[in-house]
Each structure stands twice: as structure tokens, then as C-alpha cells.
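This report describes the fold of one chain and the side that it presents to a neighbouring chain. The sequence and the structure are shown first.

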Amino acid sequence: MSVDISAMMLAIFLPLFGAIAAFLLPRAAALIGLVALALTTGAVIWLAREVWQSGAVILPLGGWGAPLGIDLRADGLSVAMLALTSAVGLLVSVSALDALKGAGQSRQRQYFWPLWLLLLTGINGVYLSTDIFNLYVMIEVIALAAVGLTVLSGTRAAVQAGLEYMYASILGALLFLMGVGFVYLQLGRLDFAGLMDAEPTGALIAAVALMFVGLALKTALFPLHFWLPAAHANATAPASALLSGLVVKAALYIVLRLAQYMPFPSEALLTLVGMMGAGAVIWGGIQALRAERLKLLVAWSTVAQIGLIFVAFARAGELGLTESWKAAALLILAHGVAKAAMFLAAGRIKDEIGHDVIRDLDRSPIRPTLAQFTFALAAISLIGLPPSLGFIGKWALMEGAMASGYWHWVVVTMVGTLMSVAYFSRVFAGFLRFDRVRAPVGEHQGWALADAAPLTLAFAAIGLGLMAAPILSFLEIGYPFGVAP
Amino acid sequence: MTPDLIYGLTGIAVFGIGLVGALCVQERLRRVLALKLCSVGAGFVLVVGAWREPPEMPDPVPHALVITGIVVMVSATAVALALIRRLQTLEATDER
Amino acid sequence: MTDPLVIFDLLLALSIVALAVASLSVRDLFAMIVLFIVFGLLSALAWVRLSAPDVALAEAAIGTGVTGALLLKTLHHLRFVAGGQGLRAGSGGTSMAPAAPVPVPVPVGVILANAAFCGLITLGLAVAFLGAPSAGPGFDALVADAMPDSGVAHPVTGVLLNFRAYDTLMEVVVLLAAVVAVWQIERGLSDAPAPVMGEVWQGFARLALPAIVVIGTYLLWVGAEAPGGAFQGGAVLAAVGLLLLLTRAYVPRPAHRGIARGAFVLGTAAFALVALLVASGGRVAFEYPLEHAKTLILLIEGMVTLSIAVTLAALFHGREPVALPKGGRDDT
């Protein structure tokens, strides 16, 4: 009697068993965590191969099949998100080994791994789910694990930020749950397939609105972003990288899926989404320009970048949605990789210098050159300079907007790009001006093996731009956006 | 006037009250309670959706969903309350 | 014809709404929690009226009982911390929890604007609700067809442990994530003294404990055929833990952490293992072979009940029992 194991189950259950083992054996947590991450990455690669060869795969759990049971489904977009998660996750895990090695950090070491593996379970679960109530449970798994990671450092600022994050997270999930309730009232089913082709009645419009607002709160779309900067800026570096690079993407992904399956939005609603995104680009940019600390600047840039993803989504209106989602997906992938690299680099800089006050970056005798280089590479992708993946995403955004005559989104993108150049330049200025302090040559560097992981991510953020064409064709596998399945 | 109508509107009202509390209230403990009210409101809507006439055989699926929702909510509440206690302790230590 | 019942429904609905408003607006936090508990119990009653006894049990036991206990515990802690600060501790239920920085009062205009905004949303939801089909389409027929193959007789248990078992597994994962997070947030043996309990209370606990254990186990067992099941049973058993903790009959020690960890993960691990291992011979994950379905479901439910009971009690205790070096925080 042999057990048939599917790659999809492994992608969810391997991190779950890893979390259990890491919680039971705190001393071996790091080892268990790395092994679980490596195995999960293997499962995702296996799944990617399957999807590449035979298109979207479906697994009806319990053999019941939707709508009674819950189906797991993997298509190009899901696998791309899973790949982003495990690649970024694996590298962040490697750098966590170094970031949490301090003698006073035994507690952080002990709890980082089970919480992060539970988070991974939830994120992978979201990308494979096809049932809106199941998505609700998954976003709660993510929320609790993410809050646990936010407050890992135990400082007062982190706990305060974690509590605000918790309130926002619970409220977002409850709005989503209420939306699920209205879907049930109207349609009597909860699976994605059941949502397709439904008439947009009052109850369904209410459901879409509730679910969208709930997810906007979770992904920190302006003006519901208030919790994000403090939470992401006060977490320890690996946790910040996971929160900013991966966690907000899960809610974004659900928005994309809902847009695919729900009786969607009129033009007006899509414009509203775009305007919220534009507000985020501008407000996030202004706050990043004013931020005094490096990590806070990076966190505000997350707010701006998420806004940009929503602009990409709305760039060509309702008719353009069949193409717009790809621009949004590219930007999601680009941001996930680059922002994780940037937060890790910022954490390295803070560790080496001992603070992260931007104004005083150039006063330090220690120059963590490799971390600074990593930061700059990540910034290139986030600003959107060629040939980075960020550039391809922005280009797709503007091309689509111009083709459909929506010039205002082009203007927003340009303004956002200029602002990101401006706020990242503040940091570069701190990196480059060596004249304030003449340090002894020996102390001039300050780089370590720990820079390897963020550097790899930063190079990936740029290098993936050269692979944009295969990524785009992979995204389209089994993905019937705008095309009858 | 059937029970589903009455309790459906009750649930929506409770959800709305919780929403006001979640957005306006400053006290930490009361905000947690406001969120719990929202979850009860959402539970009402699902339970009402399951109600059938005659009432002997309601749809069991929403019932299962609400039970899941209740357990999820108590977990989230426990974490929020632990954060509140921790924060209070930290604030008290800082004051001293 | 059904007039008396309609009047009952209307009165109950009005009380529920009134209690919701009252619990948010009453000044005293202790009164707030008491009003909330009454609110929760009346909501459970309403769900009984809507023929949802399982949900009512869960709401009464977990949503109201455990949540109420958690809130009271936190209030106790807040007042103790505030008392240690030299501020006037609220004895006998005066005063708010004196947060160290007094929150800036929100301008009335902002509150009114927010309330009006929420009112509009609520109105919109009400309109949408009235427009939705009443007693609309559902899973009724699908569930009725599949019940004979589910291994249990009670539909809600069938949905929870078989048709949508994946959701339920993830719900147990949420509970696990909560206890991991809570242990990470709080640690130490104890800083707030336990509330003083009279002798009557101790005697009551001694009498009540066996009865609670019996009720909890019964709820778990009966779940296969009638309202009840792992979650309700687990919550009732958690009450045992709460009583033991409150009466100090059991004090968590650092040495017990290993066993506690095992108990927290037991439900998740057993559930996940069964779900994976049944996938053989053409079956997929979570597809129990029919002849063993009832046994497997009871096995899962038993493990999950145990985990839920221990986890809820640990969430109530609210900290990892670890000895702190003198002077407080070990590391941050």
C-alpha cells in the first residue's frame, strides 16, 4: 500500500509538519526550518514541472469535488506566486541564520521558525485555494503568524505596531467573512467556479465591496495603509523581509483571483481602485521622502509600490483587464524579490552601523559596502530601471495605459518613479559621501557571508527582467482571465 | 415577519455596531470587543442563510463555517489580548 | 398563528442589538465584559431559534465562555499592572484600564462622521440582504446525497470532518498559530496574583470538575449523531483547565512545556497525517475509506478535542511558563 502524494499537498503540508517539528524541538528549529524550506521548494519545482507539461492541475480534496468539497488548483499564476514565495523564503531563511545568531536572541531563534513555517503554510494555501471560505481561514493563519513575526523583537514599538496590525488584520478578515456570507446568501456556493457568470445582484455587489475593502486593509492599500509602516519598520530584518516581500502579496493575489471570477466591477469601481493606488503612490512617496529612518523609508516605499500594483491593475479599464492582470502580476513578483532584498540589506546596514538614521549614515566609520551595494541593486528594480523585472512591469503598465488612452495612469507612474528616485537618492547620498569621517582602512568594510542571500535576491530582481518573456508565458498557463475556460 | 428576516437584520445591525466600535473606540480592550461583535454579526448572516422553511432541516454547511469562524476568532482574540497585556507591562516598566 | 414566536424573536433581536450598543458604550470595562457575555448567550439563543444548535453550543462555549474568560483575565492583568504603578487600581469595578499614555480623545465630529459612514454601510448591507433570495440555494441536496458516504450521521460533523475537512484542519492550525504567538509574546511564571477564591469556590470546583469532564466527553462522542463535536467538547474540557488554573490546583511549570507543546500540536499532527496517509489506492488526500471513515473521524476528533482543550486553557493562561532571571526580561 503506497501513498499517493501530490505536489500541491506537499507544498502545504511540508511547511506545516516543519512548523510542528520546529515547535516541538526548539533547539533544532533552524535546521528543521531550512530542511522544510528546501523540501517545500522542491515540491514547488515538481508542481511547476507538472503545470508546465500538462497545464493547470486540480486536486479535489476528500474526493468530493467542488462545490461540496474543496478543490486545490494550480495554474501558471499560482505556481509563479508559489515560486516567488519559496525562493524568497529560502533566501530569507538563510539570512535569518545570521541575523538571529546573537547570544541574546535565543527566544527569537526559537520562535522565528515555527511562526515562519506556519506563515508559509498559510501563504501556499492561499495560492492553491479555490474556495472563498477556505481563503478566509488561510488569511487568518497568515495574520496570526505574521503578527507573531512582527513582534518577535519584543520592543515596545514592535508590540505597539503588532497590535495595530492585529486590529487591522482581524477587521479585514471579518469584512471578508461578511462578504463570504453574502455570496452564500445569493449563490449558495463558495467555490470559484460557482462565482463565474453570476448576475451582479445587490448581494453580490455588497459581497465584492466587503471582500475588496477587507483585502485592501490586509494589503495596506491607501488610505487603509496606516498599520503597515510601523509594523514593517519595527520588525527584525528577516521578519520585515517576509512581511513586505511575501505577506502583503497574498491578499493582492486574492484580489486578482476575485477579479477573475467575480461578476466584476464596473468601469467606475476600477477607476476608484486605480485612484486609491495613485493616492498610495503619491502619499507613500511623500512619507518616504520625509522618513528619518532607513527601515521606515523602505516600509513607506512598500505602500507606494502596492499602490502602483493597483494602478497596473486598473490601467486599461474593464476591457483591458485580460491583459492588465499580467502587468500587475509582474510587478508583484518584482516587488516581492526586490523588497525582500532591500529589507535584508537595510537590516544588515543597521546591524553593522548600529543604527539606521538616514541623516547619520555617512558619519559611521564602518561601511557595510556589500549591503549598500545590495540596497542599490534592489532600488534599481524598485525604481524600474532596465533591465530589471520592475522595469518590465512598469513598462507593461504604461504600454497598456497608453494603448487604451488612459494617459493619467502614465502620469501617475512617472510621478511615482521620480519620487522613488528622489527618496532612494537620500539613502545613496548617505552611502556615497565618504568625506565626513576618515575611518581607518581596516574598519572600512564590514561585510559578511550574511550579505550573500540579499545579494542573490537583488541580482535576481534585476536578472529576472531578462526572463520576462518566459515568465509571462508561464503565467498564462491554465489561466482563463477573460477567456472562457 | 419570519425569523430569518428578523435575525438577518439583527446580524447586520450588530456588524455595523461593531464596525463603529472598531473605527472609533480608543480603549484597547473595547476595540477587541467591537471586533468580536463584527464576527457575531457575520455569523448571524451565515446562520440565517442556512435557515429553511420548514425549519427542521437547515443547510449544515454554513453552520460548520460559523463554528470554524468562532474558533478562528477566539484564536485571534487571544493573540490580540496577549499583545495588550504585553504592551501594558512594557509601558509600565518604561514609566518606572 | 406564530405570533407569540414572532414577538419572542423581535424581543430577542432588540435585546441583542441593545446589549451590543450597551457593551460598547458602558464606561466600566468590567460591566462591558458582563454585558458582552449576556449578549453572546442571547445570540446563542437566537441561533437555537434558527435551528442551529451546534453553532449555538460553539458560540456559548467558545465565542462567549472562553472569550469572556480571556477578556476578564486581561482586565485583571491591566488593573494589576496599573495598581503596581501607583495609579488607583480599579477595585470593585471602577475606572478604565489606565493605559500609561492617556489616549487623546477623538473629536466628536470625527466620531459622528465615522458613525454616519458605518451607518451608511450598514444600511447598504441591509438593503442588499433584503434583496437576496431568502431560503435561497444551498448545499442541502448535495449534503443529503453525500451523507451516507461520510461515515457519520450528523450533517454538521460530516461537513466539518469530511466534506470540508481541509478547512477544519486549517482552523486547528490557526489555533496552533495563536498559541505559538501567545507563548512568543508573553513569558514568565506569573506576575499578576491569581484572583482570590473562597472556599466555596474550591469546593464547587471539586464537585464540578468530574461533571465537566463527563459533559465534554459526551459532547465529543455524541457529535457523530447529534449536535456536539470536537470543538464544543474541547471548549467544555478547556473549562476544566480554566478551573484548575484559577484554583491553582495546577500551576504551569517550565518542566511541563514539552508535554504542553506535544498537546498543542497533537490535533494538527494527527489530522494532517491521517489526511495524507489515506491517499492511496486511487484515493486522494482527506478521502477516508468508507469502512474506516467513522473510526478515523472519531480518532481525529478525539485528538483535536484534546488539543483544543489544552490550547484554549493555555491561551487563557497566556504565557510560556519559563523561569525568568531576576530583574525581568531575558532577551528581547
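In chain B of this predicted model, 48% of the contacts between residues at least 6 apart in sequence join residues that are at least 24 apart. Chain B contains three helices and zero strands, and its elements follow the order α-α-α from the N terminus on.

The overall dimensions of chain B depart from those of a compact globule: a globule of 96 residues would have a radius of gyration near 12 Å, whereas chain B has 17 Å. The C-alpha trace spans about 65 × 25 × 15 Å along the principal axes of chain B. Nevertheless, 80% of the 96 residues of chain B count as buried.

Helix α3 of chain B covers residues 60-95 and has 36 residues. From its first C-alpha to its last, this helix reaches 53 Å, close to the 52 Å expected at 1.5 Å a residue. Of the 36 residues of α3(B), 32 are buried, so that the helix is mostly covered.

Chain B also meets chain C: 65 residues of chain B are in contact with 76 residues of chain C. On chain B, the touching side draws at least two residues from each of α1 (3-24), α2 (28-50) and α3. Its largest share, 27 residues, comes from α3(B). The composition of this side by class is tabulated below.

| Class, side of chain B that touches chain C | Count |
|---|---|
| Nonpolar | 43 residues |
| Polar | eleven residues |
| Charged | eleven residues |

Conventions. Residues are numbered from 1 along each chain as its sequence is written. Chains are lettered from A and ligands numbered from 1 in the order in which they are written. This is a predicted model: local features need pLDDT of at least 70, side-chain atom pairs count only at pLDDT 80 or more; totals for chains, interfaces and linings use all residues. Helices (H or I, at least four residues) and strands (E, at least two) are DSSP runs, numbered from the N terminus. The expected span of a helix is 1.5 Å times one less than its number of residues. A residue is buried if 20 or more other C-beta atoms lie within 10 Å of its own, exposed if 12 or fewer, and partly exposed in between; C-beta atoms are placed from the backbone. Two residues are in contact if their C-beta atoms, placed from the backbone, lie within 7 Å. Ala, Val, Leu, Ile, Met, Phe, Trp, Tyr, Cys and Pro count as nonpolar, Asp, Glu, Lys and Arg as charged, and the others, Gly among them, as polar. The radius of gyration is taken over C-alpha atoms; the globule rule is 2.2 Å times the number of residues to the power 0.38.
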